[in-house]
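Colleague: Please take one part of this model and describe it closely for a first-year student. I should be grateful for a connected account that explains its terms along the way.

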Amino acid sequence: MSDARLTARHKGLPERAAGMTIAEFLASGPRLSEFWTPLVVLDDAAMRHNTDVMATWCAERGLELMPHGKTTMAPSLWQRQLYAGSLGITLATMGQVRTARTFGVSSIMLANAAVDAHSLRYLAGELADPGFRFVCWADSIATVEAMEDPLRDADAPRPVDVLVELGGEGGRTGARTVGEAIKIAERIAASDVLRLAGVAGYEGSLAHDRSVRAIDAVETYLRRQIELHERIGHLYDDGDVYVTAGGSAYFDLVAKVFAEAGAGAEAAERPGGGRTLFTLRSGAYIVHDDGFYRGISPFDEARASDDEPRFIPGMFGVGRIVSHPEPGLALIDGGKRDFPFDEGLPIPRGMSAGLGDAWQPLPGASVSAMNDQHSFVRLEEGGELAIGDLVRLGLSHPCTAFDKWTVLPVVESVDSDLVVDLIQTYF
């Protein structure tokens with residue numbers, strides 16, 4: 001990826017970068033002060049810290065980690081997670097799977113069903129690679145049947161590993177009852193082109209905070225998932241099977257219930273040399289955030305106790321004041337096209353007179369609204385920002401921050417002007 005050539009179409013890049021490869025540009029010692037606003041910037045020190053924290057925490061509990069790659073769709077960030085010990089990368093669509101394969105990713109979980117005949121024929125061809133580990137989900141017998149004919153027609157060289165997805169009332173996808181899920185498992189196990197490879201689900205759609213009620217809903221769901229795993233155990237062959245859940249909000253609860261079921265213990269070993277891979281899929285942790293995940297993650301620095309790991313926000317926005325039309329209101333040059341807004345508006349974290357200058361506190365400021373290319377910054381009485389001043393923004397929800405940018409600069413740290421990398425995304 002370092003040989004990718006930069007152009008004037010990459011928003012935010014200095015004019016001089018056009019025509020250079022990424023490697024050439026980075027070798028020239030770029031500074032953030034050269035970049036145009038608006039920007040979304042990544043913090044290298046924070047991302048390294050968060051990656052190490054999550055990898056260590058999972059290893060200590062005998063949990064595998066297949067971080068959700070759709071968060072960033074940035075193969076160079078996936079590599080950081082893989083180098084830290086992740087079993088593979090989770091993705092959400094077969095199009096994302098194809099992108100990952102072009103970058104050599106050899107272990108993929110599709111946290112979704114694969115029922116499109118075109119993509120299933122593609123998958124059959126990829127399965128000729130004996131080093132390719134692939135697993136997907138199914139939550140109905142109709143899903144199983146939709147997979148079978150395309151795989152047979154393509155003469156798939158080996159069965160596709162499929163997990164039974166268990167959901168919950170009011171949730172997203174997934175069989176609504178354990179009994180229904182058992183019937184799906186039986187159907188997968190009877191297929192000539194599919195292999196029953198475990199159980200899957202997503203607890204994050206069942207709760208949205210840290211209330212007692214939310215925690216009870218998540219833990220109840222996870223125990224139903226373990227019940228399903230145990231009740232279909234006689235259908236498994238001797239190979240590896242997965243028990244997987246865990247987004248970036250409740251992975252501590254997943255670890256707790258999985259530990260009760262034998263994660264990290266010899267019980268995870270199975271006859272024939274296979275293993276039960278208790279697997280988390282958290283993805284947003286690599287950059288954490290200043291909004292949704294800050295409010296709900298067990299490892300946020302504002303919530304974690306002194307003896308617990310802590311994540312650090314690893315991304316921030318930068319906007320420049322372009323209008324000060326009335327007292328207490330300033331507008332910056334970035335809006336919904338540049339910064340995420342679906343899980344909370346950006347939060348002003350500091351200001352400076354120029355990129356590369358030290359960030360100064362901006363107490364009492366808030367973002368009250370956003371348009372496509374403007375954000376409304378409300379200031380305390382007496383607060384003042386001059387035309388051309390910069391505002392650093394804490395952002396909420398990485399999943400809808402990365403998709404607005406094809407290239408993002410990475411600085412040494414939030415307090416550094418030195419650009420150490422450029423991250424490409426492939427949405």
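Modeller: The account below follows the sheet and one of its edges, and then turns to a single residue in a helix.

This is a predicted model, in which local features need pLDDT of at least 70 and side-chain atom pairs count only at pLDDT 80 or more, while totals for chains, interfaces and linings use all residues. Residues are numbered from 1 along each chain as its sequence is written, and side-chain values use heavy atoms, leaving out hydrogens and water.

The open sheet is built from eight strands with parallel pairing, in the order β2-β9-β8-β7-β6-β5-β4-β3. Strands (E, at least two residues) and helices (H or I, at least four) are DSSP runs numbered from the N terminus, and two strands pair if DSSP finds at least two bridges between them. The edges are held by β2 (64-65) and β3 (89-91); each has a single partner strand, so one side of each lacks a neighbour in the sheet.

At the β3 edge, three bridges join β3 to strand β4 (residues 107-110) in the parallel sense. Among the residues involved is Ile89, whose bridge partner in β4 is Ile108. Helix α4 (residues 94-102) packs on the sheet and touches β3, β4 and β5 (133-138); contact means heavy atoms within 4.5 Å. The direction of α4 makes about 170 degrees with that of β4, where angles run from 0 to 180 degrees between N-to-C directions of lines fitted to C-alpha atoms, for helices over the stretch in contact.

The residue to consider next is Asp44, in helix α2 (residues 44-60). Asp44 has a relative accessible area of 11% and is therefore buried, a term for values under 20% with a 1.4 Å probe and protein chains only. Not counting residues up to four places away in sequence, Asp44 touches Arg80, Val410, Val411, Glu412 and Val420.

Technical notes
Buried means under 20% relative accessible area, exposed over 50%, partly exposed in between (1.4 Å probe, protein chains only).
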